[in-house]
Structures are given as structure tokens and as C-alpha cells.
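Me: I'd like to poke at the labels people hang on a structure. Could you show me one and take some questions?

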Amino acid sequence: MMRGTFVILLASALLAGCNYKKETDIPPPLEVPESFSEGSEVPQPESEADALPKGNARSETVRDVRWWRKMGDPTLTALIEEALRRNQSFRAGWARVQQSNYIANQVRAARMPTIGAVGAFNAAKNITPFAKTTSLDAQGSLPVAYEVDLFARRAREHQAAQLDAEAARLDQEALAIAISASVAEAWFDSVNARIQNTVVAAQLETDLKFLELVELRYKEGLNSAVDVHQQRQRVAGQRALLAVADSLIELTDQRLSVLLGEAPGREFPVDGKTLPEIGPTPGIEVPASLLDARPDIRAIQKRVEAEDRRVAAAIGARLPQVVIDFTPSYTWLRSKITSTGALGGLPGDTTAPITASGFTWNTGAVFSVPLFDGIAGRSQIAAQRAAVDALLEVYAETILTALLEVESSLVLERQERLRIQFLEEEFGLANITLEATRDRYRAGLSDFLPVLTALATRQSSELQLVASRRQLVSYRVQLYRALGGAWPEEFEEPKDE
């Protein structure tokens with residue numbers, strides 16, 4: 001009867017453990033569109049075999065993520081590579097990668113035998129009515145224990161920790177992309193601040209020339225003092241803009257210094273630099289390619305798989321466990337007996353010391369199976385399944401965010417190109433208008449107000465054009481960041497300088 005009950009309980013536990021199917025390469029939990037709304041698309045391979053280079057098991061499109069090399073600015077390339085060596089956030093990320101690897105090693109240790117070394121020494125003296133006994137003993141042993149991973153519980157825990165380590169590495173790649181974009185933005189801001197400074201300085205010089213003209217005509221009685229005051233007001237406003245432009249140069253350089261891992265104050269070789277020419281929108285793979293190109297998406301996928309393995313480990317914790325132990329030992333004993341004379345003989349007679357030594361061992365196995373733990377085991381499994389469900393939602397949200405970032409960058413870049421086109425047209429017309437109003441003013445055919453209005457419009461249009469060209473570069477950087485890509489094999493932890 002007892003044997004039958006045990007068999008029934010064991011079979012029930014085994015059936016409970018069979019309710020699990022390991023998931024790998026988690027598919028996206030939503031429908032991914034077939035194409036983006038903007039940008040030219042790269043032709044896709046007709047078959048999966050065509051997409052796979054020899055020796056490559058992944059179907060991803062290999063794209064070098066180092067997009068900044070396409071900008072044609074060696075200084076930018078050097079700055080980004082320096083940031084990927086020295087930036088503190090990036091170096092902290094490598095420490096997190098190491099930590100996750102060591103945690104995986106700790107979990108892996110549960111799949112290995114444990115071997116200890118135990119040594120003991122005892123000295124004792126016992127007194128009885130008949131004799132006094134003095135003894136010494138020493139023992140050394142090497143206890144060995146090993147849990148037989150019958151249902152791969154420990155293996156699943158190790159797989160989960162390995163997947164977490166892979167996700168941490170992908171997080172580091174995502175951080176590298178973010179830092180690269182931040183350095184590029186700071187560098188282009190620094191270049192643009194100097195361009196803006198040059199433009200404002202030129203505008204100030206133009207305003208000063210107009211001020212000379214107005215003052216000359218005022219002295220000749222050809223215009224009123226109001227025209228002089230208005231132009232002096234414009235000169236003061238331009239000087240204020242120049243002060244702001246000077247401060248922007250310092251602020252952008254300080255931000256760039258911190259991104260490179262050092263205190264503000266570093267000087268950069270910016271003189272003579274210009275913003276890069278942004279060519280046509282690069283070829284864009286289909287949206288599904290983001291699943292492989294974006295490290296943040298792949299990291300979430302790894303974490304979903306890790307939590308899935310932990311579901312299996314939670315199920316395995318409710319199944320039978322077998323632990324085998326084996327302990328070899330070496331024991332040395334020595335005892336000496338001194339008579340009290342109660343049984344004859346002389347008090348104080350001492351026997352010859354008795355010594356014994358030798359190797360001993362013991363071994364065994366422990367079989368255990370949880371029969372009742374309230375609802376702890378079932379709740380643990382349910383909690384792990386809920387963790388998988390939560391991460392699946394995060395997985396879907398990350399994919400949607402990536403799609404939105406690409407789509408937004410494409411739309412904004414297209415619109416900014418149109419804006420630049422119209423601003424250039426506006427700037428050209430503003431120059432023509434300024435020349436026409438100036439000529440009429442010099443000829444005495446109009447007062448200074450049309451000139452003042454045309455001058456303000458022309459200078460505002462020029463500054464907007466400078467800002468728009470900088471914004472176009474920013475949208476291209478955002479597009480490259482959104483597309484992700486593959487890091488080269490030499491992407492490893494930087495060495496200490």
C-alpha cells in the first residue's frame with residue numbers, strides 16, 4: 001500500500017514537470033509592418049539561404065554601426081573612439097557586463113560537485129574509579145557532494161544567468177550607440193556654435209555699417225533721430241546675440257569634455273570645421289531587420305528567454321531531487337591508560353600507548369520530493385510565468401519605440417530638407433529686398449523703416465537657416481542611432497590608460 005502511494009506521488013510530480021516547453025528565439029509579440037513610410041529600402045534577399053553568409057547562423061543584415069565614419073570628419077571619429085574608452089558611464093557598463101558574467105559562473109557552480117577539506121584534532125583525559133585515560137585523535141576528510149540534475153533545474157538556472165549576461169552585453173552595445181550619438185551631437189553643436197558666432201559677428205558688422213550711414217544722413221539732415229536710435233537698438237541687440245553665441249561655444253565644449261571623461265576646460269580643434277553635407281536618406285532595411293540590428297531589442301528578447309528558463313527551474317524545484325555524497329577520511333588515534341590500583345596492581349601503572357590509524361570512507365544518496373508546501377511552489381511558478389508575460393509586453397513596447405524612432409527620424413529629416421529649401425529661398429529674397437530698400441533709402445525715396453525691417457528679416461532668416469542645417473544633421477544622427485547595427489569584433493572592454 002505504501003509503495004503504491006509513493007509511486008502515485010512520484011508520477012504526479014513528474015507529470016507536473018512535463019507542463020513546460022522551452023522557448024528560444026522569441027518571436028515579436030506584435031505584427032511588424034512590411035516597410036517604413038519614408039526612405040529608400042535595401043533590396044531583401046529572395047530566400048533565407050541568400051541572406052546567410054557562410055558560417056553565419058543568424059539571418060541579420062550585417063551593418064557596421066560606426067556610422068560616424070561616413071561623416072568624413074576624422075576629428076569626430078577620434079572623439080567618439082576616445083569616448084568609448086574613457087566615458088565613465090561606458091566604463092561602468094563594462095563593469096556590469098563583468099558582474100553578470102560572474103553571476104552566471106556562480107549559478108553554474110550549482111551544477112558541479114562540491115568538495116571540502118575538513119581537519120579536526122582532539123585531546124581528552126577521562127577519569128574512572130579504575131583508571132585514568134589520556135587520548136589524542138586527529139582526522140582529515142574530503143567530503144564530496146553532488147546533486148544529480150534529474151530534471152535540468154540547475155541547467156535551466158544556468159541558462160537563465162547566461163542569457164542575462166548576454167543581455168548585459170547587448171545593453172553595453174546599446175549604451176555605446178547612445179554615447180556615440182551624444183558625442184556627435186555635442187561635437188556638431190560645438191562646430192555650429194562657432195558658425196553661429198561668425199554669422200552674428202558678420203551681422204553686427206553690417207549693422208554698424210548701416211549705423212554709420214544713418215548717422216551720416218542724420219548729420220546731413222536727411223533723416224530723423226528716431227532712425228539713429230532704432231539702428232543703435234539693433235546694434236545693441238546683435239551684441240547681445242554675440243554674447244550668447246560666445247557662451248554657447250564654452251558650454252558645448254564643456255559638455256563635450258565631460259562626455260570624454262574629463263573635467264570641463266579642454267580645447268578642441270574646431271577652427272575651420274563645418275557641418276557635414278547630409279546626402280540622400282540611406283538605404284533602409286525592412287522594419288523586421290530592427291529585431292536583429294537594435295541591441296536593446298535583442299537584450300529584451302534575451303531576458304524573456306531567461307525568465308522562461310526560470311519557469312522551468314521553478315517547475316523543477318517541485319520534482320524529485322537526488323544528492324550523492326562521498327567522504328574519504330584518514331583517522332589517527334592514540335590512547336594511554338593509567339591504573340588507580342582499584343582492580344589490583346600498583347597505582348600509577350601505565351600501559352603502553354595504543355596507536356591506530358587508517359583510511360575510512362562513507363557514501364550515500366538522499367532522495368527527496370516535496371509533497372506539500374502550501375501554495376509556495378505553485379505560486380513561484382505562477383510568478384515566473386507572470387514575469388515572462390510582463391517582459392513580453394516590454395518586448396513589444398521596445399519594438400514599437402524602435403519603429404517610432406526610425407519613422408520619426410525619416411519624417412523629420414524629410415521635412416527639415418523642405419524647410420531648408422524654403423529658408424534658402426526666403427534668405428535669397430531677403431537679400432534682394434534689403435538691397436532694394438537700401439538703394440531707395442540712399443536715393444532719398446523712402447525713410448529708414450523699410451530698410452530696418454528688411455535688415456531684421458534678412459538676419460533672422462540667416463540665423464534660422466544656420467539652425468535648420470544643424471537640425472538636419474541632428475535628424476541624420478538620430479536616424480543612424482535608431483537603425484542600430486552590428487559592432488565589430490574588436491568591441492571589447494577598454495584597457496586602463
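Reply: Sure, here is a short round on one helix and some salt bridges.

This is a predicted model, where local features need pLDDT of at least 70, side-chain atom pairs count only at pLDDT 80 or more, and totals for chains, interfaces and linings use all residues. Residues are numbered from 1 along each chain as its sequence is written, and side-chain values use heavy atoms, with hydrogens and water left out.

Me: What makes the buried residues of α4 line one face of the helix?

Reply: Phe90, Gly93, Trp94, Val97, Ser100 and Ala104 are buried in α4, meaning under 20% relative accessible area (exposed is over 50%, partly exposed in between; 1.4 Å probe, protein chains only). Seen down the axis of α4, they fall within an arc of 115 degrees, so they line one face. The arc is taken from the directions from the helix axis to the C-beta atoms. Tyr102 and Gln106, both exposed, sit on the face turned away from that buried side.

Me: Why is the Glu81 and Arg69 pair called a salt bridge?

Reply: The term asks for a side-chain nitrogen of Lys or Arg within 4 Å of a carboxyl oxygen of Asp or Glu. The closest N and O atoms of Glu81 and Arg69 are 3.4 Å apart, so the pair qualifies.

Me: Why does Glu81 count as partly exposed?

Reply: Its relative accessibility is 33%, so Glu81 gets that label. Arg69 gets it too, at 44%.

Me: Why does the Lys302 and Glu166 pair tie together separate parts?

Reply: Their side chains meet in a salt bridge at 3.1 Å, N to O. Lys302 lies in helix α8 and Glu166 in helix α5, so the linked parts are 136 residues apart in sequence. Helices here are DSSP runs (H or I, at least four residues), numbered from the N terminus.

Conventions. Helix = DSSP H or I, 4+ residues; strand = E, 2+ residues; numbered from the N terminus.
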